[in-house]
Amino acid sequence: LDIQAQLNKLMNWNVKQLFLYLAAEYATEDNKVNQVVLWDKIIRKGESTSLEFSNLNPKYYFWDDGFGLRGNKNVTLKLFWNVIPNAGRLDNALGSGSVSFAFPDEYFSSKQ
């Protein structure tokens with residue numbers, strides 16, 4: 001998993017921190033939108049807002065509450081963030097890019 005983003009435009013005098021999370025979204029017959037959070041990060045004021053991750057392993061497992069993820073042909077990874085202000089309302093935002101892929105029909109483990 002590779003993530004690159006420049007988030008410096010989100011920071012201003014009223015931003016205390018950013019809460020970022022990467023979610024896999026997919027649809028099932030029962031639910032139009034399902035989300036599984038795979039990774040998250042907090043960026044505090046004064047820290048670098050440049051994300052450059054290569055071959056990043058998910059922080060959290062793909063957890064399928066049902067059977068809609070296995071064999072799903074349209075799983076989309078999206079980067080979301082919350083801007084945590086010093087004062088004012090809490091905004092939730094979606095990044096402009098996304099990546100879609102098909103999930104395998106069967107799971108396997110390399111452990112013997």
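Contact here means heavy atoms within 4.5 Å. With that in hand, the predicted model can be read starting from N82, a residue in strand β5. Leaving aside residues up to four places away in sequence, N82 touches Q17, L18, F19, Y21, L90, D91 and N92. The relative accessible area of N82 is 16%, so this residue is buried.

Two of the residues touched by N82, F19 and Y21, lead on to the aromatic side chains. Three aromatic pairs turn up when the whole structure is searched. In one of them, the ring centres of F19 and Y21 lie 5.8 Å apart with the planes at 35°, and the pair is therefore tilted. A stacked pair needs planes under 30 degrees apart, and this is what Y21 and F80 offer: their planes meet at 15° and their centres are 5.2 Å apart, so the two rings are stacked. The Y21–F80 pair also links distant parts of the chain, since Y21 belongs to strand β2 (residues 15–26) and F80 to strand β5 (residues 75–85), 59 residues apart.

Taken together, ring pairs join F19, Y21 and F80 into a cluster. Exposure within this cluster can be followed residue by residue. F80 has a relative accessibility of 9% and therefore counts as buried. Y21 is buried as well, because its relative accessible area is 12%. For F19 the value is 27%, which means that this residue is partly exposed, the buried class being reserved for values under 20%.

Strand β1 (residues 3–6) gives a neat view of side-chain alternation. In a regular strand, side chains alternate between the two faces of the sheet. Along β1, I3 and A5 point to one face and are buried, whereas Q4 and Q6 point to the other face and are not buried. The partner of β1 is β4: the two strands run antiparallel and are joined by four bridges. Within this pairing, Q4 stands opposite E52 of β4.

Beyond β4 (50–53), the loop that leads to β5 contains N55. Although N55 is not a glycine, its phi is positive, at about 55°. N55 has 66% relative accessibility and so counts as exposed, in contrast to N82, which is buried at 16%. The loop thus brings the description back to β5, the strand that holds both F80 and N82.

Note on methods. Residues are numbered from 1 along each chain as its sequence is written. This is a predicted model: local features need pLDDT of at least 70, side-chain atom pairs count only at pLDDT 80 or more; totals for chains, interfaces and linings use all residues. Side-chain values use heavy atoms; hydrogens and water are left out. Rings of Phe, Tyr and Trp (its six-membered ring) pair if their centres lie within 6.5 Å; planes under 30 degrees apart count as stacked, over 60 as edge-to-face and the rest as tilted. Buried means under 20% relative accessible area, exposed over 50%, partly exposed in between (1.4 Å probe, protein chains only). Two strands pair if DSSP finds at least two bridges between them.
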